[in-house]
Amino acid sequence: MKILGLGGSIHDFSACLLNGDKLHAIEDERITKIRYSENSKNPCVPSYNYLFDCCNVKESEIKYLVFNDDLTDIVNSSFSLYKQKFAINHHLAHAYSSFFTSEFVQSAILIVDGAGSKKDFKSNSDETRETSSFYFGDGQSVNQIKKIYGTLDGYNPISKSQTVMTNSIGEFYRVVAEGIGLGWLSGPGKMMGMSSYGSINNEYIDYLLESVTFEKNGEFSINTNGENSLIDRVFLLKNKIEKSKNDKFILYANLAKSAQIIFEKLLIHSLDYLYELTKNDNLCLAGGAALNSVANGIIRERTKFKNIHIVAYTGDDGLSIGAALWGYYNLEQKVKDKKFRFNSTPFLAKIYKNEEILHALDNSSLNYTKS
């Protein structure tokens, strides 16, 4: 059985080929050298072609094509030749990528990112989307517990961005990163690193927290845009820092530290509720916000979860793997061992021999030594 999984949203496109019980996967950016596959004109096609070539597989051998529903238009235009196509929920694909690469037979699963699938997939106007999802993995199934939703809320004058979601842990972090000039896709990672240089500034924390409301049952609301919103507050803090005569890097690092602390509060708030629901010591985490390794490092000490699994491909690049695994566990119904799981290594593409590496180096302008 051969299953093709496609992943990505508006960035981080990838493909995964599940051949029997072996995973092969790669991101478009590894081939095109365009970070995050931003503004791609042929999403998923470079990684798709690469996998068929390196695995010596023909298109006719693929039984199922599975993809997260964000890619429906892309699949219909570029992959229309496949007859058995299955679109699945964005966060569900994340959940499969994490749970079925863990060692757990049962586990709580939390998906946190900027935004996932639309609440009403068929609506062209309603932009209400999932921002956090709570699941429980049991054997060969992943069961939804609840979701938190946000909506597109206006325009960010700082970043010129049209896609700012409310009630999103990932978007909270992104707004601050963009607001202090670190960029869209690369900004959150830079800000996470910058936060390590900062000190706790309660004035910054309290000021930003005024746009956040912690609610019951693990829920929260974040006023992203509008009067006294998060965007406005970051903008005013940035202006204050720029006018200061003190070391601006340290002031920005303090602001990054403040955003990191609030991010952690939101994450722990969600995880505490998930534990109370599941009473399970195991946790699988995925979604773009799960790339925050600083926050991941505090989960064991600040929650009741004891065993934590976070795959290397928690972002939208990993959706292709989650989609392929969904196909494996749902379309054939031949998996007898409820404990069977897939290797979570990030090294899933072609293995290059020394001769190939040397050939590539000899045909480049690089100086090299072989140790």
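Modeller: Before we start, a term: a residue is buried under 20% relative accessible area, exposed over 50%, and partly exposed in between, using a 1.4 Å probe and protein chains only. This is a predicted model, where local features need pLDDT of at least 70, side-chain atom pairs count only at pLDDT 80 or more, and totals for chains, interfaces and linings use all residues. Residues are numbered from 1 along each chain as its sequence is written, and side-chain values use heavy atoms, with hydrogens and water left out.

Colleague: Fine. Is aspartate 70 buried, exposed or partly exposed?

Modeller: Aspartate 70 is partly exposed, with a relative accessible area of 24%.

Colleague: And which residue does aspartate 70 meet in a salt bridge?

Modeller: Arginine 129, at 3.8 Å from N to O. A salt bridge here is a side-chain nitrogen of Lys or Arg within 4 Å of a carboxyl oxygen of Asp or Glu.

Colleague: Where do the two sit?

Modeller: Aspartate 70 is in the loop between β4 and α3 (72-78), and arginine 129 is in strand β7 (residues 128-138), so the pair ties together parts 59 residues apart in sequence. Helices (H or I, at least four residues) and strands (E, at least two) are DSSP runs, numbered from the N terminus. Arginine 129 is buried, at 19% relative accessible area.

Colleague: How many salt bridges are there by this rule?

Modeller: The count is 16. One of them joins arginine 174 to glutamate 178, 3.1 Å from N to O. Both lie in helix α5, 4 residues apart, which is about one turn of the helix. Both are buried. Separately, Asp70, Lys118, Glu127 and Arg129 form one network through salt bridges that share partners.

Colleague: Changing topic. How many residues has the largest nonpolar core?

Modeller: It has 52 residues, and Leu110, Phe172 and Met191 have the most contacts inside it. A nonpolar core is a set of buried Ala, Val, Leu, Ile, Met, Phe, Trp, Tyr and Cys residues joined through side-chain atoms within 4.5 Å.

Colleague: Which element gives the largest share of this core?

Modeller: Helix α9, with 16 residues.

Colleague: What is phenylalanine 172 in contact with?

Modeller: Leaving aside neighbours within four places in sequence, phenylalanine 172 is in contact with residues including Val212, Leu230, Ile262 and Phe263. Contact means heavy atoms within 4.5 Å.

Colleague: What lies apart from that core?

Modeller: Another core, of 35 residues, among them Tyr64, Ala323, Tyr328 and Leu348.
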